[in-house]
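Trainee: Could you take me through one part of this model up close? I'd like to look at the salt bridges, and then at whatever else is worth a stop along the way.

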Amino acid sequence: MLISMFGAVESGIIYAIMALGVYLTFRVLDFPDLTVDGSFVTGAAVVGISIVNGIPPIVATVLALIAGFVAGCFTGLLHTKGKVNALLSGILMMTALYSINLRIMEQPTLSMLNEPTVFNQLESIEAIGGIDSFFNGLLSMLGAEQLPATWVIVLAMIVVTLLIKLLTDFYLKTEVGLALRAIGDNKKMIRSLSANTDSLTIVGVGLSNGLVALSGGLVAQLGGFADVNMGIGMIVIGLASVIIGEALFGTKTIRRATLAVIGGAIIYRIIVTLALEVEFLDTGDMKLITALIVIVALVTPKILQVQKEKKRRIQKRKQLDRQIRGQNSA
C-alpha cells in the first residue's frame, strides 16, 4: 500500500501541472476548452520523437511546452477571430490534434524505454547525493517494509510544480493577469476599457495548453512511452482535480486557489489508487471511477450548502418565535 500511495503522489504532482492549465481556462478565463485531450498527447508526442532523435530531454520538454502553447493559440484564434463557439473551437482543435499527433510520432505508440529521459538523468544525480538512502532509512526506522525505488523524482517534481504555481500566481497578479481574470468575470466590462480581449484570450488559452502539454511530456517520460490515445479523458481528470481542490481547500485568494488545484490533483490520484485496490474493480473501470469522483465532488458541496441554508432558516424561525412569545408575554 505504501508503494501504491507513493506512486499516486508522484503521478499526482505531475498531473497537477495539467490541472493548473485547466484552472486557467475554466476558472480564470471561463473558457470551456476541450483542446486539453489533444494537447496533452501533443506534449508526449513531441517529447517522444525529440528524445528518439537524440535531442536532450530537457530541450525536448521545453519543445513540448511550446507545442502545447501553439495548439492553444490556434484554439483561441478559432474562437476570437473565427467567431467559433468556445466549446466547438476546442472540440475542433482536439480532433485536428489527433491526426497531428499521429504525424509527429509516425506511429500510434512510441517507446522511450531505452532512451534517456529527464527522470533517468535525475536518478543518476541521486546516485551521487544519496537522497534515496536518507529517506528510505527514515522509513525503515518507522517500520516500513516496502520502500520506494527512488525519491528524487517526486522531490524534483514538487519543486518544479511549486515553481510553476508561484509563476502562475505572479502572472495573474500582473496587469495582463488581472485583465485575464477580468475577462473571465465580465468580458464586456474589460472590453469597454479598451482592452484587447481577443489577444488576451489567445495568450491565456495558449498558456493553459502549454502547461497541459508540459505535463503530458513529463508523464510520457515517467511511463517510458507516448501513445496517441493517452489523452482521452484528461479534461475530466483536470476538472476533477480543480473541483476537489476547491471543495476541500477553498478559493479565497489566487495563491490558495492554485495550491488547492495541486492538492486536488494529488488527492484525486490517491482516491483512484484506493478505488483500484477494491477487488471487484480493475484498471478498465478507471474512467467510471473518474466520473463518479467528479459527480461526488460536484454534488456534495451543493448538498452541504442546502443543509446549511435549512439550518439557518430553522434558526431564524426559532428566533422569530421567541420574539413573538416575548412580545405576547409582555
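Mentor: Sure. Counting a Lys or Arg side-chain nitrogen within 4 Å of an Asp or Glu carboxyl oxygen, we get three salt bridges, and keep in mind that this is a predicted model. Side chains of opposite charge can pair when their charged atoms come close. Take R27 and E246: their side chains meet in a salt bridge, at 2.8 Å from N to O. That pair ties together distant parts of the chain, since R27 sits in helix α1 (residues 2–28) and E246 in helix α11 (residues 234–249), 219 residues apart.

Now for charge on the surface. K308, K310, K311, R312, R313, K316 and R317 form a positive patch there. One of them, K310, belongs to helix α13, which covers residues 286–329.

Last stop, the largest pocket. Its volume is about 600 Å³. There are 22 lining residues, and L65, V160, I164, L211 and L214 are the closest to the centre. Helices α3 (57–80), α5 (118–129), α7 (152–172) and α10 (197–223) each give two or more residues to that lining. The biggest share comes from α7, with eight residues.

Technical notes. Residues are numbered from 1 along each chain as its sequence is written. This is a predicted model: local features need pLDDT of at least 70, side-chain atom pairs count only at pLDDT 80 or more; totals for chains, interfaces and linings use all residues. Side-chain values use heavy atoms; hydrogens and water are left out. Patches are made of residues with over 30% relative accessible area and no salt bridge: like charges are joined within 9 Å, nonpolar side chains (Val, Leu, Ile, Met, Phe, Trp, Tyr) within 5 Å. Accessible areas come from the Shrake-Rupley method with a 1.4 Å probe; for residues, only the protein chains shown count as cover. Lys and Arg count as positive and Asp and Glu as negative; His and the chain ends are not counted. The place of a charge is taken as NZ of Lys, CZ of Arg, CG of Asp or CD of Glu. Helices (H or I, at least four residues) and strands (E, at least two) are DSSP runs, numbered from the N terminus. On a 1 Å grid over the protein atoms alone, a cavity is a set of points where a 1.4 Å probe fits but cannot get out, and a pocket is an open set with protein on both sides within 12 Å along at least five of seven lines; lining residues have an atom within 4 Å of a point. Grid points are joined across faces, edges and corners, and a volume is the space filled by probe spheres set on the points.
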